[in-house]
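Got the viewer open? Let's take a walk through this one, a stop at a time.

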Amino acid sequence: MDLTDEASIQEAVKSTEDFCQGSLQLLVHNAGLMHPSGRGENSVTRLDMESFNKVMATNVIGPALLTKALYPRLRAASQEEPSKVVAVGAGVASISTNQAGGWYSYRASKTALNAFMKNLSIEGGRHKVSAFTLYPQMVETALSKPYVKGNPYPELRSPEETADRMLELITSFGISDTGRFVNIWSREDIPW
C-alpha cells in the first residue's frame, strides 16, 4: 500500500474484507519518512513544497485516511472490547520539549500526527475505540542510521526489542489510556 495515494489505501482496505470479516481490533500506524533526501532540514531555508508534502502525506495524511477507511471496522470490533488505533510517534513531535529545532517537515508531520491521534481519541472514546501514540526513542533502523552519533538515549534499541515492548503496552492499554503520548521504556507520558 502506498500511503501517499488514496486509491492505493482504498484498494488495500478492500483487499482485507474477507480476512477482517467486518471488524478490526487493532490498527498500528508505523509509516515514517524523515525526508525524501534521507536527511531532515536543519534550516527553514531548506524547505521545499514537494518534499514537505511527501513527508506530510506519508506521516499524517495517509494514516488519517487509512483510519477513516477502517473506522467502521474498528467500531464494529469494539462491541466486544475496545479496539485500538496506535501511532508510532517521535519525541521531536513534542512542542513543549523542542529545544533543538530543525527537522522541519518531519517534526511538523509527527506533531500533526499527535494532534490527529488526540482528536481521534476523543471521538473514539464515544465508540469504544482507543487511540494513543507510543514513542520508542531511537530504534536501530534505516530512518535513524544517519543520527546514531547524536543519540541522546543510553542505548540504541533493536526493532525486535522495541516491537516486544510496544506489543506489551498495546495489550495492557485500555480505553482509559486513550489520548496518551507515551515513552515505551519509561512508560511516562510525553508533554504534547
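In what order do the elements of the protein chain run from the N terminus on? Colour by secondary structure and follow the chain: you should read α-α-β-α-β-α-β-α-β. That makes five helices and four strands. Keep in mind as you go that this is a predicted model.

**Stop one: the whole chain**

Zoom out to show the C-alpha trace. Along the principal axes, the C-alpha atoms fit a box of roughly 45 × 35 × 30 Å. The radius of gyration is 17 Å, which agrees with the value near 16 Å that a compact globule of 192 residues would have.

**Stop two: the sheet**

Now select the strands. They make an open sheet of four, ordered β1-β2-β3-β4, and the pairing is parallel. Which strands stand at the edges? Pick 26-29 and 181-183: these are β1 and β4, and each has a single partner strand, so one side of each is left without a neighbour in the sheet. Look for the twist too: neighbouring strands are turned by 25° against each other on average, direction ignored.

Next, select residues 83-88 and 129-135. These are β2 and β3, running parallel and joined by six bridges. For one position to click on, try Val85, whose bridge partner in β3 is Ala131.

Bring in residues 104-125. This is helix α4, which packs on the sheet and touches β2, β3 and β4. Compare the direction of α4 with that of β3 and you get an angle of about 155°.

**Stop three: the cavity**

Time to look for empty space. Rolling a probe the size of a water molecule over the atoms shows where such space is left. How many cavities of 30 Å³ or more does the structure hold? There is one, and the space in it comes to about 30 Å³.

To see what surrounds this cavity, show side chains for His29, Asn30, Ala31, Asn59, Pro63, Val88, Lys110 and Leu113. The elements giving two or more residues to this lining are α3 (49-77) and α4, the helix you just saw packing on the sheet. By class, the cavity lining has four nonpolar, three polar and one charged residues.

**Stop four: the largest pocket**

Switch to a surface view. The largest pocket has a volume of about 950 Å³. Which of its lining residues lie nearest the centre? Select Ala90, Tyr106, Tyr135, Gln137 and Met138, five of the 39 residues in the lining. By class, the pocket lining has 20 nonpolar, 16 polar and three charged residues.

Now highlight the helices around this pocket. Both α4 and α5 (159-172) supply at least two lining residues, and α5 gives the most, with four.

**Last stop: Arg165**

Stay on α5 and click Arg165, which is found in that helix. What does Arg165 touch, leaving aside its neighbours within four places in sequence? Show Ile184, Trp185 and Arg187, with which Arg165 is in contact.

For a final distance, draw a line from the C-alpha atom of Arg165 to that of Glu123. The two residues are 42 apart along the chain, and their C-alpha atoms are separated by 27 Å.

Methods. Residues are numbered from 1 along each chain as its sequence is written. This is a predicted model: local features need pLDDT of at least 70, side-chain atom pairs count only at pLDDT 80 or more; totals for chains, interfaces and linings use all residues. Side-chain values use heavy atoms; hydrogens and water are left out. Two strands pair if DSSP finds at least two bridges between them. Axes are lines fitted to C-alpha atoms, for helices over the stretch in contact, and angles run from 0 to 180 degrees between N-to-C directions. Contact means heavy atoms within 4.5 Å. On a 1 Å grid over the protein atoms alone, a cavity is a set of points where a 1.4 Å probe fits but cannot get out, and a pocket is an open set with protein on both sides within 12 Å along at least five of seven lines; lining residues have an atom within 4 Å of a point. Grid points are joined across faces, edges and corners, and a volume is the space filled by probe spheres set on the points. Ala, Val, Leu, Ile, Met, Phe, Trp, Tyr, Cys and Pro count as nonpolar, Asp, Glu, Lys and Arg as charged, and the others, Gly among them, as polar. The radius of gyration is taken over C-alpha atoms; the globule rule is 2.2 Å times the number of residues to the power 0.38.
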